[in-house]
Amino acid sequence: MTGQSSGVAEDRGSMVHRGFLYQDEEEVVSVGVPFLRAGLEADDAVAVVASKANITALRDALGQDASSVQFEDALSWYQHPVRTIAAYDAYVKAQKPRRARLVAEPVWQGRTPLEVVEWARYESIVNAAFSDSGARVICCYDRETLPNEILDYARRTHPEMIDGEGPRRSPQYTDPGPFIATCDRRPLPRAPRLAEMMSIDTADMDALRAFATERADRHGLAGDALRDMVAAVVEVATTAARHGRAPAALRMWTDNGDLVSEISGPGHWYPDALWGFAPPADSEPAFGLWGVRMLCDVVQMQADTDGTVIRLRTRI
């Protein structure tokens with residue numbers, strides 16, 4: 001089994017994103033080494049972002065070729081989904097006109113159920129964010145240790161799979177828009193009755209900023225974390241006031257070690273499920289919901305006949 005051949009015709013300008021359900025380090029080497037060497041021969045920018053054990057196995061197997069490959073520890077790379085997208089975006093742009101080729105291994109251990117959904121969402125988003133990048137990516141999943149839920153996410157977020165039979169189309173693959181919509185389908189639990197609330201008025205954002213700052217400070221946020229959270233709240237509140245309908249409101253409370261800031265109101269005031277996930281083009285505003293996602297640990301969005309809810313979570 002190798003990572004080179006595929007029953008799918010490749011367009012050099014389109015991203016190739018494959019999920020790889022591996023059994024052990026030997027299997028990682030059998031797929032990864034031919035894939036990486038093919039990139040070196042094509043003068044691609046070649047990198048490995050994986051567990052330390054798989055990095056060691058690949059480096060040893062590559063021999064002298066390893067000096068031409070960039071190696072990064074997955075634990076330091078996969079800390080925040082949207083920041084990871086931004087890091088990959090910077091890497092892909094920095095390598096141009098060379099094409100990026102990566103063996104990657106997202107980190108799933110130690111994630112809460114909510115974080116698992118966000119990282120699955122990340123794996124789906126890269127199909128849209130880097131669709132025209134020409135990048136070649138194999139994402140590794142340890143099928144011996146990861147739960148079936150995560151292996152199922154792999155099949156649903158990678159157009160092609162490598163699982164013992166070589167690269168092939170994944171029949172479970174779901175396009176990013178519909179996949180992300182399913183991530184947000186479950187109703188959010190209602191804000192607790194003790195949540196503190198303030199009405200949102202575009203004419204008085206200074207008062208809203210002071211309200212959010214005082215409550216964040218009281219719950220232990222300080223420094224950059226406090227400033228980031230308040231900036232995110234004000235950005236979403238401004239969007240709600242400008243594009244939604246009154247009365248919109250900000251509610252804040254704590255939940256399982258997070259400070260939760262919820263902006264809600266009548267109307268459907270975000271455009272689609274992909275809003276704020278893809279890095280903005282050079283001609284687009286640099287902040288917006290993309291910036292909000294960069295500043296918060298988790299952003300949850302939901303819209304229905306009752307209105308729109310955007311919930312920002314920041315670890316205290």
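I began at Asn 256, which lies in the loop between β9 and β10 (258-265). The model I am reading is a predicted one. Phi of Asn 256 is near 50°, a positive value in a residue other than glycine. I then looked up its cover: Asn 256 counts as exposed, at 67% relative accessibility.

**Another positive phi.** I noted Asp 43, where phi is near 60°, again positive and again not in a glycine. Asp 43 sits in the loop between α1 (25-41) and β2 (45-50). Asp 43 is partly exposed, with a relative accessible area of 49%. I wrote down the background for these entries: most residues other than glycine have a negative phi, and most peptide bonds are trans.

**Cis peptide bonds.** I found a cis bond between Lys 96 and Pro 97, with omega about 10°. Pro 97 belongs to the loop between α4 (81-95) and β4 (100-104). A cis bond also joins Ala 246 and Pro 247, and there omega is about 0°. I placed Pro 247 in the loop between α9 (223-243) and β9.

**Start of β9.** From that loop I moved on to Ala 249, in strand β9 (residues 249-255). Ala 249 counts as buried, at 8% relative accessibility. I checked its C-alpha against that of Glu 235, 14 residues apart along the chain, and the separation is 13 Å.

**Helix α8.** I looked up Leu 208 in helix α8 (residues 205-218). Leu 208 is buried, at 1% relative accessibility. Its C-alpha and that of Arg 186 are separated by 29 Å, with the two positions 22 residues apart along the chain counted as their spacing.

**Cysteines.** How many disulfides does the structure hold? I found 0. I wanted to know why Cys 139 has no such bond to its closest cysteine sulfur. That sulfur is in Cys 140, 7.5 Å away, which is too far for a bond. The cut-off for a disulfide is within 2.5 Å. Cys 139 is buried, with a relative accessible area of 3%. Cys 296 gave a similar entry: its closest cysteine sulfur is in Cys 183, 18 Å away, so it is too far for a bond. Cys 296 is buried too, with a relative accessible area of 1%.

**Charge on the surface.** Last, I looked for a charged patch. Asp 24, Glu 25, Glu 26 and Glu 144 form a negative surface patch. I traced Glu 144 to the loop between β5 (136-142) and α6 (148-157).

Note on methods
Residues are numbered from 1 along each chain as its sequence is written. This is a predicted model: local features need pLDDT of at least 70, side-chain atom pairs count only at pLDDT 80 or more; totals for chains, interfaces and linings use all residues. Side-chain values use heavy atoms; hydrogens and water are left out. Patches are made of residues with over 30% relative accessible area and no salt bridge: like charges are joined within 9 Å, nonpolar side chains (Val, Leu, Ile, Met, Phe, Trp, Tyr) within 5 Å. Accessible areas come from the Shrake-Rupley method with a 1.4 Å probe; for residues, only the protein chains shown count as cover. A salt bridge is a side-chain nitrogen of Lys or Arg within 4 Å of a carboxyl oxygen of Asp or Glu. Lys and Arg count as positive and Asp and Glu as negative; His and the chain ends are not counted. The place of a charge is taken as NZ of Lys, CZ of Arg, CG of Asp or CD of Glu. Helices (H or I, at least four residues) and strands (E, at least two) are DSSP runs, numbered from the N terminus. Buried means under 20% relative accessible area, exposed over 50%, partly exposed in between (1.4 Å probe, protein chains only).
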